[in-house]
Every structure is written in structure tokens, then in C-alpha cells.
Amino acid sequence: MDSRNRIVIFAAIVLYLFLHFPSQTEAGVELASKVCKNSQNFESCVQTLTSYPQIVAAPDEKAIAEKALELARKESGDSSEFFAGLAQSNPSSKTALEQCAAHFKEAVLFLNLKGLQGGTASLDVHYALDEVDQCQDALSSGNVLIDSATSVIQKWKTVYDAAAATVSALEH
């Protein structure tokens with residue numbers, strides 16, 4: 001067999017393998033879809049998880065959960081910093097905004113898989129949502145109406161929902 005025939009055979013094998021095995025991205029989207037069945041908003045969950053290459057590249061549900069929780073912790077930290085900055089530029093709403101900064105900082109502590117073996121991981125993660133609900137209560141009772149604050153909370157809740165769905169999928 002001459003070298004031309006070997007190249008053609010090799011190319012045919014590579015093409016066959018390429019066309020018959022799912023890409024890492026397809027596998028990641030499939031896993032994201034599977035874990036998002038536990039979400040409050042399936043489409044938003046899948047979109048959130050598949051928007052981050054490190055999540056799509058995760059090899060299994062536990063890795064997706066770890067990456068999603070990492071993303072939620074980062075979002076919590078960013079939100080805490082946002083509210084701390086907002087408190088400095090809005091003296092009349094400073095107390096409520098500082099409370100929000102503290103609640104988002106506290107939320108970071110609950111976004112983990114430590115309770116997975118005991119079956120309490122979903123409950124632990126839910127405590128993060130309770131912290132953000134307390135932030136919203138502080139804003140409401142302080143009559144603080146700032147559109148950017150509402151947007152930050154909504155973005156956090158979208159990321160939280162995706163992360164919580166991944167944890168719920170692991171527990172069930």
C-alpha cells in the first residue's frame with residue numbers, strides 16, 4: 001500500500017471518529033440540561049451553565065456543581081462589593097445597602113458541597129438565598145429603590161438558581 005492510500009484511510013478513520021463521537025461541548029450541554037431539570041427556570045439555567053466554558057467542560061455532574069457553586073460564590077462576592085460601593089455613594093440609603101453587602105458576603109459561606117454526604121447540601125445552599133432575601137427585605141424596609149441594585153440581585157438569583165439545580169441533581 002502506497003503512502004497516498006494510507007493517508008486516505010487515515011483521513012477516513014479520523015473523519016468517522018469526529019462525526020460519531022459527541023464533542024466535549026455537546027456532552028457539557030447534555031449534562032447541563034440534565035441537571036437543570038431541577039431548576040426553577042430550565043432555559044435560564046441551561047443558558048447560565050453553558051455560558052461558561054469551564055462548566056461546559058466539566059466531566060460529570062459533581063464537577064458541574066462545583067464549578068456552578070464557584071461561579072455563584074464569585075457572583076456573591078461581586079454583589080457584596082457592588083452594594084458596599086453603592087452605600088458610599090448613597091448616604092441616605094447607606095444602612096440598607098451596607099446590610100445587603102454583608103448578606104451577600106455571608107451568602108458565600110453557604111455555597112458549597114460540604115453537606116453532600118449528609119444529604120443537606122441543598123438546604124445549605126438554600127441558606128444563601130435566605131441571605132439575599134434578607135437583603136431585599138432591608139432594601140424594602142429602607143424604601144431603597146435603585147434599579148442597578150435590583151439588576152444585581154436578579155443576576156445573582158439567576159446564577160444561584162443554576163447552582164442550586166446542580167446541587168439538587170446530585171442529591172437526587
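1. In this predicted model, Cys 100 and Cys 135 are joined by a disulfide in which the two sulfur atoms lie 2.0 Å apart. Cys 100 belongs to helix α6 (residues 94-107) and Cys 135 to helix α7 (residues 121-141), so the bond ties together parts of the chain that are 35 residues apart in sequence. The link of Cys 100 and Cys 135 is right-handed, with 95 degrees about the S-S bond.

2. Both ends of that bridge are covered: Cys 100 has a relative accessibility of 0% and counts as buried, and Cys 135 is likewise buried at 0%, because the cut-off for a buried residue is under 20% relative accessible area.

3. The structure holds two disulfides, and the other one runs from Cys 36 to Cys 45, with an S to S distance of 2.0 Å. The link of Cys 36 and Cys 45 is left-handed, with -70 degrees about the S-S bond. Cys 36 is buried at 0% relative accessibility, and Cys 45 is also buried, with a relative accessible area of 0%. Counting bonded cysteines along the chain, the pairing follows the pattern 1-2, 3-4.

4. As for the fold around these bridges, the protein chain has eight helices and zero strands, which read along the sequence as α-α-α-α-α-α-α-α. Among contacts between residues at least 6 apart in sequence, 70% join residues at least 24 apart.

5. On the surface and interior, 39% of the 172 residues count as buried, while the chain exposes about 10200 Å², of which carbon and sulfur atoms supply 55%.

Conventions. Residues are numbered from 1 along each chain as its sequence is written. This is a predicted model: local features need pLDDT of at least 70, side-chain atom pairs count only at pLDDT 80 or more; totals for chains, interfaces and linings use all residues. Side-chain values use heavy atoms; hydrogens and water are left out. Helices (H or I, at least four residues) and strands (E, at least two) are DSSP runs, numbered from the N terminus. Buried means under 20% relative accessible area, exposed over 50%, partly exposed in between (1.4 Å probe, protein chains only). Contact means heavy atoms within 4.5 Å. Accessible areas come from the Shrake-Rupley method with a 1.4 Å probe; for residues, only the protein chains shown count as cover. A disulfide is a pair of cysteine sulfur atoms within 2.5 Å.
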